[in-house]
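Here are some worked exercises to try with the model open beside you. Take each task on your own before reading its solution.

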Amino acid sequence: MSGSTPFKMRLVHLDLKGAPPKVSYLSEIFPLFRALGANGLLIEYEDMFPYEGPLRLLRAKYAYSPSEIKEILHLAGLNELEVIPLVQTFGHMEFVLKHAAFAHLREVGPFPCTLNPHEAESLALVGAMIDQVLELHPGAKRLHVGCDEVYYLGEGEASRRWLQQEQNNTGKLCLSHMWAVASHVRARRPGVTPLVWDDMLRDLPEDQLAVSGVPQLVEPVLWDYTADLDVHGKVLLMQKYQRCSFLRLWAASAFKGATGPSQALPPVEHHLRNHAQWLQVAGSGPTDSLQGIILTGWQRYDHFSVLCELLPAGVPSLAACLQLLLWGGFDEDVKAKMENLLGISSLEITDPVRQGASSFPGRHILALVTQVSLHLRSSVDMLLEGNRYVTGWFSPYHRQRKLIHPVMVQHIQPAALSLLAQWSTLVQELEAALQLAFYPDAVEEWLEENVHPSLQRLQALLQDLSEAAAFQPPPTGPGGDAAQDP
């Protein structure tokens with residue numbers, strides 16, 4: 001295998017709308033990104049950006065400060081990672097439109113996902129967001145303006161009226177907003193090229209795309225995170241875009257966050273196949289049209305969904321995918337190179353081994369998350385549903401009525417206490433490790449979603465056991481009635 005890759009740019013996507021890493025963790029992980037073959041970052045700030053003025057209410061509780069943004073850019077520069085900021089400007093606007101101050105700018109009143117493109121105030125809003133982001137990224141060459149999954153476009157009252165006019169359609173509506181946003185970027189910073197996700201463009205007629213003015217302003221990012229990506233279909237799509245005068249295109253794959261909204265560990269084989277398919281696309285499509293590839297690492301499916309795989313849990317998948325892109329495949333030699341870079345003995349991490357000096361930042365988090373994900377719920381299920389003493393002598397019927405044969409307490413309680421102690425120790429260790437990399441709200445959320453339900457089931461069993469043991473009904477006589485004193 002050669003070290004040549006068709007993707008000149010290889011950007012790691014940081015999705016900060018969930019479990020945003022502390023800057024201290026980014027300072028540790030950026031050198032690894034570079035060593036693995038990345039040369040850029042796509043940073044999707046969402047509510048972690050330090051918006052000012054009327055936009056200040058968009059900030060999350062632990063939003064980065066302006067000085068932290070500068071530090072992130074400094075760290076990226078030290079590791080030769082070009083930073084492309086991402087600002088959503090059309091769809092996925094929940095973090096903005098959930099606020100009462102901006103709710104009147106929703107395309108459809110009850111849903112905060114999509115911006116109403118008819119209101120002048122809408123363009124002023126996203127323009128102000130773009131201006132503030134560009135101000136803190138003075139060296140940016142590109143700005144990603146989102147524009148994916150613009151759900152319910154055309155369903156708002158203003159859109160319905162507009163669509164009744166001859167020659168108006170939702171494609172034209174979408175393109176006009178993209179054009180306005182991209183024009184704002186170009187006017188504000190002529191040297192900055194806007195990028196857009198391509199899904200709202202894919203099915204539009206070529207003539208409509210060609211005359212919209214959008215191809216002269218933006219570079220589309222073709223995204224597909226599936227393992228069985230249609231290579232021929234992607235090549236045809238690239239050719240279509242080129243005929244419409246989109247001269248430069250980008251690809252987007254996924255190394256995590258694309259196989260289930262509550263996924264805790266990425267299925268590495270799925271992501272490797274996804275990247276292998278993208279290599280085929282690059283090798284079959286128009287020469288030199290793909291500027292690079294963005295390896296997306298989604299942290300939530302949208303602003304309101306649960307957390308999926310944490311960044312440390314995705315590092316081995318990211319490493320494998322970057323190395324596959326660099327070397328053109330993932331044979332045993334490439335796998336060995338990757339494992340050496342990560343300081344691990346195997347791509348499959350199943351033991352909570354303490355991270356050594358050569359292990360990657362966050363390795364300990366991954367090992368502990370793996371233990372919890374693979375074994376916590378199943379071990380509690382085994383006790384509550386597979387232990388013959390629990391199922392036979394302390395069923396829900398018994399627990400509700402506080403009934404137990406006293407000898408069964410001795411069969412059940414030690415096992416439950418031992419299991420609870422085992423997991424409590426590991427969880428304390430995991431919580432401490434998470435606190436080093438993430439802010440308190442992310443640590444709390446991950447533990448509440450992935451740990452507490454199982455521990456609470458154990459604690460409830462022990463509580464019921466204790467109460468049943470203390471609540472012994474009076475003995476009954478031979479006839480079944482309560483025995484009477486003489």
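**Exercise 1.** Decide whether Lys17 and Glu44 are buried or exposed, and find how far apart their closest N and O atoms are.

*Solution.* Start with accessibility: Lys17 is buried, as is Glu44 (buried is under 20% relative accessible area, exposed over 50%, partly exposed in between, with a 1.4 Å probe and protein chains only). Next, check the contact. Lys17 and Glu44 form a salt bridge with their closest N and O atoms 3.7 Å apart (a side-chain nitrogen of Lys or Arg within 4 Å of a carboxyl oxygen of Asp or Glu). Then place the pair along the chain: Lys17 sits in the loop between strand S1 (9-15) and helix H1 (23-36), while Glu44 belongs to strand S2 (residues 40-44), so distant parts of the chain, 27 residues apart, are linked (helices, H or I of at least four residues, and strands, E of at least two, are DSSP runs numbered from the N terminus). Finally, widen the view: Asp15 joins Lys17 and Glu44 in a network of salt bridges.

A word on the ground rules: this is a predicted model, where local features need pLDDT of at least 70 and side-chain atom pairs count only at pLDDT 80 or more, while totals for chains, interfaces and linings use all residues. Residues are numbered from 1 along each chain as its sequence is written, and side-chain values use heavy atoms, leaving out hydrogens and water.

**Exercise 2.** Which residue forms a salt bridge with Arg56, and which with Arg59?

*Solution.* For Arg56, the partner is Glu52, at 3.0 Å between the closest N and O atoms. For Arg59, the partner is Glu52, again at 3.0 Å. Now add accessibility: Arg56 is partly exposed at 45%, Glu52 is partly exposed at 36%, and Arg59 is partly exposed at 24%. To finish, the whole structure holds 16 salt bridges.

**Exercise 3.** Where is the kink in helix H10 centred, and what follows the helix?

*Solution.* First, the extent: H10 covers residues 311-327, and its 17 residues reach 23 Å from first C-alpha to last, close to the expected 24 Å (1.5 Å times one less than the number of residues). Second, the kink of about 30 degrees is centred on Ser317 (the bend is the angle between axes fitted to the seven residues ending there and the seven starting there). Third, the surroundings: 16 of the 17 residues of H10 are buried, so the helix is largely enclosed by the rest of the structure. Last, Gly328 follows H10, with a positive phi near 80 degrees.
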